[in-house]
Amino acid sequence: MMISEKMASALTEQIAAEFGSYYVYLSMAFRLEELSLPILAKWFYIQAEEESSHAMKMSKYLVDQGAPVKLQPLGEPKYDYASAVDICKEALEHEKMITRRINDLVYLAREERDLATENLLQWFVAEQVEEVASTTELLELVKMADTPSSMIQLEERIFRMVQMREAADSEA
Ligand SMILES: [Fe+2]
Ligand SMILES: [Fe+2]
C-alpha cells in the first residue's frame with residue numbers, strides 16, 4: 001500500500017459519502033417525480049450519476065495505490081420532502097457539508113505529506129466550487145417559481161440547463 005492507513009481509511013469514508021450523495025439525490029429525484037416535476041427530477045438523476053462517478057474516481061485511486069476498497073453500508077435517504085424548494089435547500093446544505101469534508105481531507109493529506117492524494121483531492125476542491133455554485137443557482141430559480149405556471153416556465157429553463165449539462169458530459 002503506497003498511502004498511509006489513516007489516509008486510506010479517510011478516503012474510504014469519503015467514498016461512502018459520495019455513494020451516499022448518489023442515494024440522497026436519487027431519493028430527491030423520485031420525490032420530484034411524485035411532485036410532478038419530471039424535468040427537475042432529471043437534474044437530480046444527472047446529479048446522482050455524477051456522485052457515483054465521484055465515488056468511482058476515489059475508489060479507482062485507492063486501487064491504483066494498492067489500498068483495499070471496502071465499501072460501507074448506505075443509510076436510508078430522506079424521502080418526505082415538502083416541496084421542490086425544500087429539496088434544493090437540502091441539496092445546497094448537502095454540497096456545503098461535502099465541501100467541508102473534502103477540505104478536511106486536503107488538510108489530512110498535507111499532514112501526511114501525501115502529494116498524490118492531495119493532487120487527487122484538488123480536483124474535488126474545484127468540483128465542489130462548481131457544485132455549490134450550480135446548486136445555489138438552482139435553489140434561486142426554484143424559489144422564484146411560486147405558482148404552478150411559473151413552475152412550468154422553470155421546468156422549461158431547467159430543461160435547457162439539463163441539455164447543456166448532457167452536452168458538456170458527452171464532450172468530457
Ligand atoms: Fe461529489
Ligand atoms: Fe456533489
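Colleague: What makes the contact between K96 and E93 a salt bridge?

Modeller: The closest N and O atoms of K96 and E93 are 3.9 Å apart, and because a salt bridge is defined as a side-chain nitrogen of Lys or Arg within 4 Å of a carboxyl oxygen of Asp or Glu, the pair qualifies. This is a predicted model, in which local features need pLDDT of at least 70 and side-chain atom pairs count only at pLDDT 80 or more, while totals for chains, interfaces and linings use all residues. Residues are numbered from 1 along each chain as its sequence is written, chains are lettered from A and ligands numbered from 1 in the order in which they are written, and side-chain values use heavy atoms, with hydrogens and water left out.

Colleague: Why are K96 and E93 said to be separated by about one helical turn?

Modeller: K96 and E93 are 3 residues apart in helix α3, where a helix is a DSSP run of H or I with at least four residues, and a strand a run of E with at least two, numbered from the N terminus.

Colleague: Why is K96 called partly exposed?

Modeller: The relative accessible area of K96 is 35%, and since buried means under 20%, exposed over 50% and partly exposed in between (1.4 Å probe, protein chains only), K96 falls in the middle class. E93, at 47%, is partly exposed as well.

Colleague: What makes K78 and E90 a pair that ties together parts of the chain?

Modeller: Their side chains meet in a salt bridge at 2.8 Å, N to O. K78 lies in the loop between α2 and α3 whereas E90 lies in helix α3, so the bridge connects parts that are 12 residues apart in sequence. K78 is partly exposed at 41%, and so is E90 at 29%.

Colleague: How many salt bridges does the whole structure hold, and how do you know that E50 and R165 form one?

Modeller: The search finds 7 salt bridges, and in the pair E50 and R165 the closest N and O atoms are 2.7 Å apart. This pair links distant parts of the chain, with E50 in helix α2 and R165 in helix α5, 115 residues apart. Both E50 and R165 are buried.

Colleague: Where do E50 and R165 stand with respect to the largest pocket?

Modeller: Of the 13 residues that line the largest pocket, E50 and R165 are among the closest to its centre, together with E130, A168 and D169. A pocket here is an open set of points, on a 1 Å grid over the protein atoms alone, with protein on both sides within 12 Å along at least five of seven lines, and a lining residue has an atom within 4 Å of a point. The volume of the largest pocket is about 370 Å³; helix α4 (115-144) gives the largest share of its lining, 6 residues, and 7 of the lining residues are charged.

Colleague: Which residues coordinate the iron ion (ligand 2)?

Modeller: The iron ion (ligand 2) is coordinated by OE atoms of E51, E95 (twice) and E131, at 2.0 to 2.6 Å, which agrees with the definition of donors as N, O and S atoms within 2.8 Å of the metal (3.2 Å for Na, K and Ca). Because water is not among the atoms, sites may look incomplete.

Colleague: Why is the arrangement around the iron ion (ligand 2) called irregular?

Modeller: The 4 donor atoms subtend angles of 52 to 155°. Four donors count as tetrahedral if all angles lie between 85 and 135 degrees, while four count as square planar and six as octahedral if opposite donors are over 155 degrees apart and all others between 65 and 115, so anything else is irregular. The range of 52 to 155° therefore leaves the arrangement irregular.

Colleague: What connects the iron ion (ligand 1) with the iron ion (ligand 2)?

Modeller: E51 coordinates both ions, which are 3.3 Å apart. The protein donors of the iron ion (ligand 1) are E18 (OE), E51 (OE) and H54 (ND1), at 2.1 to 2.2 Å, with the sequence spacing E-x32-E-x2-H. E51 and H54 both lie in helix α2, 3 residues apart.

Colleague: Why do E51 and E95 count as buried?

Modeller: The relative accessible area of E51 is 1% and that of E95 is also 1%, so both fall in the buried class.

Terms used: 1 Å grid on protein atoms, 1.4 Å probe; cavity = no way out; pocket = protein on both sides within 12 Å on 5 of 7 lines; lining within 4 Å. Points joined across faces, edges and corners; volume = space filled by probe spheres on them. Nonpolar A, V, L, I, M, F, W, Y, C, P; charged D, E, K, R; others polar.
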